[in-house]
Amino acid sequence: MNSPISSGTSSEKVPAVNPFSEFSIGSLLLRMGKINSEDAERIMRLHKEKGMRFGEAAQSLGLINEADIQQVLARQFDYPYLVQDQGPYTPELVTAYQPFSAKAEVMRAIRSQLMLHWFSTGRKALAVSSVNSGEGVSNFIANLAVVFAQLGENTLLIDANLRTPRQHSIFALNEQRGLSDMLAGRADADVISRIDSFDNLSVLTAGTLPPNPQELICRPVFRDTVNQLSSRYDVVLIDAPAFAVGADVQAISVVAGGTVVVVRKNVTRLADVQESVELLRKNGSQVVGSTLVEF
């Protein structure tokens, strides 16, 4: 997620680049409400007088800051992210709020590995789980979904943790109907929420908390639902509950075909990880890998 260069002997003058063209910094600043028309005129005067770039001129006048420039550049290059305190989502989304941080870089590296070793083979779905609850799965998979969307992949994040779901709170979504309601035949795909800040990201929340989460997940309708959604999206990431809370994760992993196991530093016991991995393999799910997290 190039423009041709031609050469010749033509004496025609090349038209100057208009700072207010459709994809220019000036145009975007106006459309984003960072500057108004009067500001734009002041910037243009300085731009012409000093030969400064439009963004530099705007900064020198104190009308915008570096964060504004970075946000506009991200829009120009189709790389969406959010300025801290300007989005409705939790600060946990470091890939959205701090896209150039070390943590975000790690998430992009994981994305690259998954693209090469899993999704490039035609697979669409992937489950993520952990040994115990509270080991960072929901945080990890939410950030992973964002970096896939930033890459331009049409991404769906499914919260299949029908016991203690978190994606609705991470993405500030109304937790009413979702996956459980679809599985119970009380809703259809219109309960999937498109995340406005990221053109390529959608979230299917867990929905109404059912009294029988394991039974719902084990029904054939769950497999059918994941298969149908996989035909509509490039990447389907499934937030699965921990191994310690029940057999839900085993059924989810089999449907997804592959699982990434999240291991929390200084918390998760290695023996428990090995036991969980062995259980997945016995059930016919491929263990795509494990990742160590600190949050």
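## Two helices and a few positive phi values

At 77% relative accessibility, N266 counts as exposed (exposed means over 50% relative accessible area, buried under 20%, partly exposed in between, with a 1.4 Å probe and protein chains only). Keep in mind that this is a predicted model, where local features need pLDDT of at least 70, side-chain atom pairs count only at pLDDT 80 or more, and totals for chains, interfaces and linings use all residues. Residues are numbered from 1 along each chain as its sequence is written, and side-chain values use heavy atoms, leaving out hydrogens and water.

Back to N266: it sits in the loop between β6 and α13 (270–282). Helices here are DSSP runs of H or I with at least four residues, strands are E runs of at least two, and both are numbered from the N terminus. Most residues other than glycine have a negative phi. Here are two that don't, plus a glycine.

| Residue | Phi | Place |
|---|---|---|
| A172 | about 55° | loop between α8 (167–170) and α9 (179–183) |
| N266 | near 65° | loop between β6 and α13 (270–282) |
| G284 | near 90° | after α13 |

A172 is partly exposed, at a relative accessible area of 46%.

Now for α13 itself. Its 13 residues should span 18 Å at 1.5 Å a residue (1.5 Å times one less than the number of residues), and the end C-alpha atoms, 19 Å apart, agree with that. V273, S276, V277 and L280 are its buried residues. They fall within an arc of 100° seen down the axis, so they line one face of the helix; the arc is that of the directions from the helix axis to the C-beta atoms. E275 and K282 are exposed on the other side of α13. Cover for the buried residues of α13 includes α12 (248–256), β6 and β7, with contact meaning heavy atoms within 4.5 Å.

Helix α6 (residues 102–117) has A104, M107, R108, I110, R111 and L114 buried. Their arc is 160°, so these too line one face of the helix. The face turned away carries exposed A102, L116 and H117.

How do α6 and α7 (residues 137–150) pack, and at what angle? They meet at about 75°, with axes 9 Å apart, and are therefore roughly perpendicular (65 to 115 degrees). Axes are lines fitted to C-alpha atoms over the stretch in contact, with angles running from 0 to 180 degrees between N-to-C directions. M107, R108, I110, R111, L114 and M115 of α6 touch F140, N143, L144, V147 and F148 of α7.

Notes:
Angles under 35 degrees count as roughly parallel, over 145 as roughly antiparallel, 65 to 115 as roughly perpendicular and the rest as oblique.
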